[in-house]
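User: I'd like to learn how to read a ligand site and a two-domain layout. Can you walk me through this one?

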Amino acid sequence: MKVLVTGGAGFIGSHIVDLLLANGHQPAVLDNLASGSRANIPLSVPFFEVDICDREAVAKVFQEFKPEAVSHQAAQMSVSRSVREPVFDAQNNVMGLLHVFESAAAVGAGRIVFASSGGVLYGDVTTPAPEDHPAAPISPYGISKWVGEKYLEFFVNQHNLGGVALRYGNVYGPRQNPHGEAGVVAIFCEKMLAGLAPTINGDGKYVRDYVYVADVARANLLALTSPLPTPFCPFNIGTALPAHTNILAEQLATAMTTELGHAVPKPTHGPARAGDLRSSLVSWDSAARHLGWKPQYSLTEGLTTTAKWFATRNRTH
Ligand SMILES: NC(=O)c1ccc[n+]([C@@H]2O[C@H](COP(=O)([O-])OP(=O)(O)OC[C@H]3O[C@@H](n4cnc5c(N)ncnc54)[C@H](O)[C@@H]3O)[C@@H](O)[C@H]2O)c1
């Protein structure tokens, strides 16, 4: 199947591209390289350096490649930037998304999978939230993900497509950008490799649902290819297992110490970050029931693989 992956040069998108190739599909990538890198995707994969905000350029890519399905990962990713620049957020995450969806419908693509977010939709939850947990986004980023889902549902009904919104937990793994505000695992890896102590915000007792990127890529493959129970489906993609930042830092330090053969600096605590949720967890029961998906990587396995990847990259750069 021909699949256009927007944001395919980024962290999650590039793993989706790899998995599509491994399963005999034909992916192409549309990305403006705002945070992604051409080096993340094989040279054999058709690459269109295009901004989703450019309606005509997006339409041209769709006319040229004629995808049968779309995996929409491209987005403005920063919650704090969305608070500072809500218009920029909406240009990318609402208008850009509409350009992708209208072009997909125009070329008759049969399925759209959209990268949504559990954390920003459900807010503070201490037990794993199911998909029908009331959405209460508070940041422009969260609002744009919610609106994106609503637009997807509209396109599904209007154009007779299949649509899946995958509401990710906190995704981590190889190729994550360590220079953003999110992606605590990547940020801590870079610090540890530089011989510096990672800084834990506040008391570090912030519960998150960390899901390994290979599991997220597999959820995307299944969402692109499986029969759907209803034309539009939202599915949570996480582990439902609570892990707080202090535990994460400890496990990562163990993995990095094993990888490097020497101890890494112990984390220090900095000020708490305003607006950080205390607890965020998602239930993946529905993805298990309808897509046959379940997380396969434990946190220890995922962190070990991630530490190895960052350490190897550090040695070769
Ligand atoms: N990483 C997480 O924990 C997480 C959690 C929930 C949801 N998500 C969503 O998953 C998707 C992928 O995130 P990621 O973690 O891989 O981030 P990423 O920054 O690595 O990937 C985003 C990609 O989109 C591209 N992009 C950004 N703006 C673009 C534009 N205007 N036009 C074309 N391309 C553009 C970037 O260059 C990058 O390659 C995003 O939609 C994000 O909101 C991520």
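User: Which helix gives the most to the shell around the ligand?

Analyst: Start by asking which elements supply the shell residues. In this predicted model, H1 (11–22) leads with three residues. Helix H4 (86–106), strand E5 (111–117) and strand E7 (170–172) also supply at least two each.

User: And which residues come nearest to the ligand?

Analyst: Gly7, Gly10, Phe11, Gly36 and Ala75, out of 28 residues around the ligand. Sorted by class, that shell holds 13 nonpolar, 13 polar and two charged residues.

User: How is the protein chain divided?

Analyst: Read the bounds piece by piece. Domain 1 is 2–171 + 212–238 + 287–291, and domain 2 is 174–208 + 241–280 + 297–316. Their C-alpha centres lie 26 Å apart. The contact takes 19 residues from domain 1 and 14 from domain 2.

User: Which elements give two or more residues to the side of domain 1 that touches domain 2?

Analyst: H1, helix H5 (118–122) and H8. By class, that side has seven nonpolar, ten polar and two charged residues. H1 turns up here and also in the shell around the ligand.

User: What about the largest nonpolar core: which residues touch the most other members?

Analyst: For a core, look for the best-connected members. Here they are Ile112, Leu166, Cys189, Val216, Ile237 and Leu252, among 87 residues. Helix H8 (residues 213–225) brings the largest share, seven residues, and each of domain 1 and domain 2 gives at least three.

User: What does leucine 252 touch?

Analyst: Leaving out residues up to four places away in sequence, Leu252 touches Val185, Phe188, Cys189, Leu303 and Ala307.

Terms used:
Residues numbered from 1 in each chain as written. Predicted model: local features only at pLDDT ≥ 70, side-chain atom pairs only at ≥ 80, totals over all residues. Near = placed C-beta within 6 Å. Helix = DSSP H or I, 4+ residues; strand = E, 2+ residues; numbered from the N terminus. Nonpolar A, V, L, I, M, F, W, Y, C, P; charged D, E, K, R; others polar. Core = buried A, V, L, I, M, F, W, Y, C linked by C-beta atoms within 7 Å. Buried ≥ 20, exposed ≤ 12 C-beta atoms within 10 Å, placed from the backbone. Domains from an automatic or database assignment. Contact = placed C-beta atoms within 7 Å.
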